[in-house]
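I set out to record how the ligand is held in this model and which charged pairs accompany the fold. The entries below follow the order in which I looked things up.

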Amino acid sequence: MSEHRGIFSSRMGFILTAAGSAVGLGNIWRFPYLAGENGGAAFLFIYLICVFTLCVPVMIGEIAIGRRAGTDAYGSYKKLGGGKWGYLGLFGIAVGIFILSYYNVVAGWAFGYFLEISFGNLLNHQNFGAFFGEYVTNSGTILLFSLGFMVMTAVIVGQGIAAGIEAANKIMMPALYVILIALIIYSLTLPNAMEGLKFYLVPDVGKINTQTIFDGLRQAFFSLSLGMGTLMTYGSYMRKDQNIISSAATISIADTSVAFLAGLMIFPLVFSEGVEPTQGPPLVFIVLPQIFHSMGPILGRFIGGSFFLLLCFAALTSTISLLEVPVAYLVDQKKFSRKRVSWGVALLIFAIGLLSMLSMGQVDFLTKLSFYQDRDFLTFVSDMCDISLTVGGTMMCLFIRYRWKIHNMDEEVALGANGYLQSATRKYLDVTISWICPILLGIMSILIILDKFIGLKVLFGWG
Ligand code: PHE
């Protein structure tokens, strides 16, 4: 069966590809602005706790399910759990479709910035905030770039696992680290950089509130690509002799280190330019051009262009993993040809993404959703997807505990991990998956939903 579906050609192939899914706009675009809105170091602290206590176990569980079942997210739940559990897989597939719909729009912005910095006159502008505001309302341009992005995604997914997805990741991931580190060194030399470092690295416990905790948790799930079947699907292409635990640890460390480095690059810059860290989604699009501008026209173009190009690559390895989830479902369950479905699904998702694309001021009712505190459609879909990821993670733990059973997960994890069954790691994992994760994730998911729609302040007087 595996020959027919394709399998990662090497151990590194799986790790790099899964890390490629994890590392993306979530790390470089979203992590810094959420950290900026939530007090910097306080957010980093909560984020790290969420990653290493709740998310790594969920990741191991998700990969184990996928590898045992050897099929897509729907098929995996159905095969291991029977009838109705398949719906949980379908839920994840639907969430992936919506994430990709808006993610692709932001990727279009990044692609546009790559072109505008390398070949256009973006760096000649004075006010990068105003430039960004106008740029994203430029429907024709964004439409073209997002479409281009979706086409690249479809081409690679259409090629299948080893040839397309694995090969693309092997080059892009290391290059991203190199350029990030170079930019960190540069930004640390700027005046006032230390203020930024302090904001980002010295936690002020007083700044931790429910918002910090909710944002830290949802960002951890989003950034690690958890809760919707991406890693389950990738796990289904993983060799049986590969160690799931060390793979999950490597993927989490790779992902977290990119987010951490992105913060280390951005905050010295934010403080040296005197920009407010609470800008929200535009943050990196405003602050980064400033640093490239300060490097002078030639170097700025070169470094700025390379940076946004790599950001596009990072985004591409994530869009690939998002598209792979519904495509694997249609290929495995409905026996469609991989190439055809890749194109079909990509276009459908692109069409859904138009709603997010036009919510930046072009179409009034999409820009100010009356039922969602007058926020824009992109924020709405992104919030709903985030909630669905933590709900998906909670349900997955319940699935393992009550349906598939912990000992089956342990058996799968033990393949490729000598001594696992007798180890303390196993005890830890068993407890987290049966108790800690479902309880904490379940409670937080409910609170996040209440907070988004009613407001915890209104309900309980806190928040
Ligand atoms: N983890 C990706 C990022 O950080 C986004 C993603 C979410 C990809 C969910 C797949 C599944 O950009």
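I first fixed the term: a cavity is a set of grid points where a 1.4 Å probe fits but cannot get out, computed over the protein atoms alone. The model I examined is predicted. With that meaning in hand, I noted that the space taken by the ligand is the largest cavity.

Entry on the shell. I looked up the residues around the ligand and found 15, of which Ala 22, Gly 26, Tyr 103, Phe 222 and Ser 223 come nearest. I then sorted the shell by class and obtained six nonpolar, nine polar and no charged residues. Tracing the shell to helices, I found that α2 (11-22), α3 (25-37), α11 (210-223) and α15 (297-334) each supply at least two of its residues.

Entry on polar contacts. I located a polar backbone atom of Phe 222 at 2.8 Å from a nitrogen atom of the ligand. A backbone N or O atom of Ser 21 lies 3.2 Å from a ligand nitrogen atom. For Asn 27, I recorded a polar side-chain atom 3.3 Å from an oxygen atom of the ligand. I also checked burial: taken alone the ligand exposes 320 Å², and the protein buries 100% of that.

Entry on salt bridges. I counted 12 salt bridges. One that I followed up joins Glu 412 to Arg 67, with the closest N and O atoms 2.8 Å apart. This pair links distant parts of the chain, as Glu 412 lies in helix α19 (residues 406-414) and Arg 67 in helix α4 (residues 41-69), 345 residues apart.

Key:
Residues are numbered from 1 along each chain as its sequence is written. This is a predicted model: local features need pLDDT of at least 70, side-chain atom pairs count only at pLDDT 80 or more; totals for chains, interfaces and linings use all residues. Side-chain values use heavy atoms; hydrogens and water are left out. A residue is near a molecule or strand if one of its heavy atoms lies within 4 Å of it. A polar contact is a pair of N or O atoms within 3.5 Å; within protein, one must be able to donate a hydrogen and the other to accept it, and residues adjacent in sequence count only if both atoms are side-chain atoms. Accessible areas come from the Shrake-Rupley method with a 1.4 Å probe; for residues, only the protein chains shown count as cover. On a 1 Å grid over the protein atoms alone, a cavity is a set of points where a 1.4 Å probe fits but cannot get out, and a pocket is an open set with protein on both sides within 12 Å along at least five of seven lines; lining residues have an atom within 4 Å of a point. A molecule sits in a cavity or pocket if more than half of its atoms lie within 2 Å of its grid points. Helices (H or I, at least four residues) and strands (E, at least two) are DSSP runs, numbered from the N terminus. Ala, Val, Leu, Ile, Met, Phe, Trp, Tyr, Cys and Pro count as nonpolar, Asp, Glu, Lys and Arg as charged, and the others, Gly among them, as polar. A salt bridge is a side-chain nitrogen of Lys or Arg within 4 Å of a carboxyl oxygen of Asp or Glu.
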